[in-house]
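Me: I have a model open and would like to learn how to read its features one by one. Could you walk me through it?

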Amino acid sequence: MFQITRFVMEDFIDSLDQIIYIVSLNQRYMVYNASRRRLVRPTVQMAAGFTPLDLITTDNLSAWTRTSRYRVNPDEALAPRTITYQEAVVESHDRYDIHQMMRSLLTPRSIEDRDRTTRNELSHRIDRVIEGYARNHDASSGYSDHQPCAQFKGGFYYENSTMQFVLARKTYRDFGRLVARAKAGDESITNDELRSRFFELANRYSDASSPIANAFSVIDAMGDMDITYCDCGHYEHSDNTHDVRRDTWCDSCFDDDAVFCEDNDEYWPRDDAYYSERDDCYYSYDRDEDDDDDDDDDRDNDRNQPIMSYSTNVLHVLDYPSGITSSHFGEFTMGIELEMTSGDHNSNEAAESVRSRLGSDYCIIKSDGSLPDNGFEVVTSPQGLAKHIEKFKAWEIDPAYRAWNTGKCGTHVHIDSRGFTQLTLGKFLMFINSAGNVDFIRKIAGRHPSVDDQARSYCAAEHQSILINPKTAVKGKSGERYRMVNMCNLGSREAKRLGLSMDNSYNGKYNTVELRIFKASLKKERLLAQIEFTHASVMFCRVASWRDLNGTSFVKWLKTVAGQYPALTKWYGVRNVHTSTPTVIAPAQDTCTDAVPLAPSPSARYAHGHDHRYLSEIPYDDGDGMRDYANRYGLYFTFFRVIGLELAVFPYGGNDEHISDIDVIYVRDNDMWRLQEDSFNELIMGHSPVSANSVSE
């Protein structure tokens with residue numbers, strides 16, 4: 001059922017080996033650091049034909065750790081081994097986390113689309129499956145294996161619980177008779193009595209979710225019972241419920257598991273908040289994170305350096321009284337990360353100069369290992385759009401500094417997630433990722449993953465098939481960090497509110513939606529326009545129809561609000577539609593010195609809307625050219641012969657014996673395989689293909 005692959009990840013700088021598990025089930029997997037007892041990667045779908053052993057590569061290690069310092073231990077590189085469930089539990093001392101991974105792998109993607117009762121029932125079934133698996137594979141698991149002698153209303157009763165069975169049957173029967181009398185018009189039955197008897201039933205048999213839900217729906221239809229079905233899964237008197245973050249909890253769960261989050265001034269679930277031993281209270285982020293390895297003096301020394309460490313949290317260093325409380329329909333804050341290099345100047349001196357000119361109370365300067373040796377990133381506190389424009393507009397930029405042509409510098413904007421509803425987020429994902437908006441996005445961003453190789457490493461596009469409508473865009477959103485829109489900074493509750501697939505483990509600290517599309521520029525025309533574009537895109541997606549999420553509609557909308565975005569107005573060369581005197585503005589996107597060149601003619605394309613970019617031509621080389629290509633990217637394909645043609649088919653339709661309309665098809669043309677257009681599939685589907693296991697001259 002579950003497969004657990006174990007290997008050792010070797011740190012060849014500090015020699016700190018770490019044991020890694022890949023827990024997989026039905027082509028889905030999770031990565032777990034057994035040494036640190038920490039989930040490294042959320043649930044991910046494996047490519048067709050891949051096995052857990054195929055995932056153990058240098059590139060994957062770099063992605064999982066966000067560094068290039070790890071490799072597979074040479075002693076195990078050729079033979080990572082599969083271990084048993086019991087061995088994993090004994091070695092990691094962490095049965096709970098292993099069960100959590102199993103639970104995530106068993107949970108279907110569609111669970112969030114179902115009602116709460118169905119979700120609870122499904123969760124209970126999954127828990128029973130995991131208990132059974134643990135019992136069968138580890139005698140020390142502690143799960144009993146008694147067989148029930150009776151089942152009633154979703155409850156199981158054993159030989160030593162005959163009286164409980166009789167009591168349950170009587171309790172349900174008495175409640176049913178009471179409800180029947182009330183419905184028949186017996187005025188002696190009050191709402192208080194019905195409510196009291198219902199709570200007795202619900203509290204005693206809380207595991208029987210379906211029967212209790214049916215009982216609740218019956219009495220709720222009889223009048224206002226002042227009963228609330230809480231998000232914690234319990235029923236509570238409406239006067240005794242509590243707001244916990246964005247959910248409603250019962251009084252008991254609130255007392256047991258809710259904590260006051262100091263920096264948000266509201267109650268949060270205990271598991272979502274971070275306890276500070278130093279302050280003896282809870283926060284929305286790990287306030288003591290910097291204290292793990294350094295004492296207070298070391299931390300203060302780091303903050304006094306011109307360039308702080310990459311792990312420094314700007315929220316720990318700066319106050320940000322922006323005066324803005326982000327909301328779904330009002331204003332919202334943003335934080336900006338601008339990567340750059342010092343050029344010919346000393347990097348420490350340049351960092352000091354940049355921070356002093358932008359404002360030491362507005363930003364900090366941090367190191368980043370992905371940048372050149374003289375590189376650093378400017379990280380601002382969360383502020384409103386007006387404050388960011390004010391600061392960057394007044395910034396005197398030394399002409400020696402570099403960003404645009406370094407090949408590694410980007411500008412990332414973190415948007416407070418409270419600025420989004422689920423609908424707005426879905427439209428935002430469609431607007432940024434749509435294949436139809438490639439040229440439009442590329443001109444303001446300076447790069448695009450569909451055109452520029454650099455962009456694919458830092459901000460890949462979403463699978464086009466999910467961009468059908470806002471709901472599917474949110475549900476299908478990738479949990480990868482290096483995407484055009486990155487959601488990995490969200491906590492689980494906020495991710496759930498926004499409707500994201502909970503197949504991914506959202507345990508971020510900051511609750512921001514990060515826009516990673518921009519190539520860093522130190523030209524004011526582009527820099528200011530990029531900042532305003534981020535804010536304007538959210539506002540546009542709030543009001544635009546999801547069928548009008550394109551560049552033309554965006555510019556038309558911008559004309560109606562041009563006064564709010566002066567830099568963006570100049571960028572696109574538009575004027576306010578309410579201006580009575582016509583004006584002509586030369587678009588900065590054409591006149592800016594770092595204007596984006598025209599996209600080169602494509603040597604590859606996304607065939608049939610799939611997320612893998614297929615080369616238009618692949619050398620034939622006795623068929624091995626196609627095999628090498630498929631093996632390189634972990635793709636499955638098959639050879640066919642039909643109407644005198646040799647085909648190489650990637651069967652996205654799910655059948656490797658017949659051709660479907662969404663398969664990716666190459667046709668052999670002498671010494672080349674040539675990728676076919678979508679229309680070719682319809683022409684070939686009417687003919688019977690013959691499988692060809694080997695292709696040669």
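Me: Let's start with charged pairs: which residue does R6 meet in a salt bridge?

Reply: The general idea is to look for a side-chain nitrogen of Lys or Arg within 4 Å of a carboxyl oxygen of Asp or Glu. In this predicted model, the side chains of R6 and E91 form such a pair, at 2.8 Å from N to O. The two partners come from distant parts of the chain, 85 residues apart: R6 sits in strand β1 (residues 3-11) and E91 in helix α2 (residues 85-92).

Me: Are R6 and E91 buried or partly exposed?

Reply: Buried means under 20% relative accessible area, exposed means over 50%, and partly exposed is in between. R6 has a relative accessible area of 10%, so R6 is buried. E91, with 31%, is partly exposed.

Me: How many salt bridges are there in the whole structure?

Reply: A search finds 18. Another of them joins the side chains of R674 and E617, at 2.2 Å from N to O. R674 belongs to strand β29 (residues 672-675) and E617 to strand β25, so this pair ties together parts that are 57 residues apart in sequence. R674 is partly exposed because its relative accessibility is 26%, and E617, at 44%, is partly exposed as well.

Me: What about the pair R668 and E646?

Reply: Their side chains meet in a salt bridge of 3.5 Å, N to O. R668 is in strand β28 (residues 664-669) and E646 in strand β27 (residues 645-650), with their positions 22 residues apart along the chain. E646 counts as buried because its relative accessibility is 17%. Salt bridges can also share partners: E617, D669 and R674 are joined into one network that way.

Me: Where do negative charges gather on the surface?

Reply: For this feature, look for like charges that come together on the outside. Here D220, D224, D226 and D239 gather in a patch of negative charge. D239 is in the loop between β10 (235-237) and β11 (242-244), and D239 counts as exposed because its relative accessibility is 66%.

Me: Is M225 buried or exposed?

Reply: M225 counts as buried, because its relative accessibility is 1%. Its place is in the loop between α7 (209-220) and β9 (227-229). To read its surroundings, set aside residues up to four places away in sequence; M225 then touches N191, L194, R195 and I219. The C-alpha atoms of M225 and H237 are 8.4 Å apart, and these residues are separated by 12 places along the chain.

Me: Which residues does S501 contact, beyond its neighbours within four places in sequence?

Reply: The same reading gives V474, K475 and Y506. S501 lies in the loop between α17 (492-497) and β22 (512-519), and S501 counts as buried because its relative accessibility is 7%.

Me: Now backbone angles. Which residue has a positive phi of about 65°?

Reply: That is Q27, although Q27 is not a glycine. Q27 lies in the loop between β2 (18-25) and β3 (28-33). D621 is a further case, with a positive phi near 50°, and D621 is in the loop between β25 (617-619) and α22 (624-633).

Me: To finish, how many helices and strands does the chain have?

Reply: The protein chain comes to 23 helices and 30 strands. Of its 697 residues, 49% count as buried.

Technical notes
Residues are numbered from 1 along each chain as its sequence is written. This is a predicted model: local features need pLDDT of at least 70, side-chain atom pairs count only at pLDDT 80 or more; totals for chains, interfaces and linings use all residues. Side-chain values use heavy atoms; hydrogens and water are left out. Patches are made of residues with over 30% relative accessible area and no salt bridge: like charges are joined within 9 Å, nonpolar side chains (Val, Leu, Ile, Met, Phe, Trp, Tyr) within 5 Å. Accessible areas come from the Shrake-Rupley method with a 1.4 Å probe; for residues, only the protein chains shown count as cover. Lys and Arg count as positive and Asp and Glu as negative; His and the chain ends are not counted. The place of a charge is taken as NZ of Lys, CZ of Arg, CG of Asp or CD of Glu. Helices (H or I, at least four residues) and strands (E, at least two) are DSSP runs, numbered from the N terminus. Buried means under 20% relative accessible area, exposed over 50%, partly exposed in between (1.4 Å probe, protein chains only). Contact means heavy atoms within 4.5 Å.
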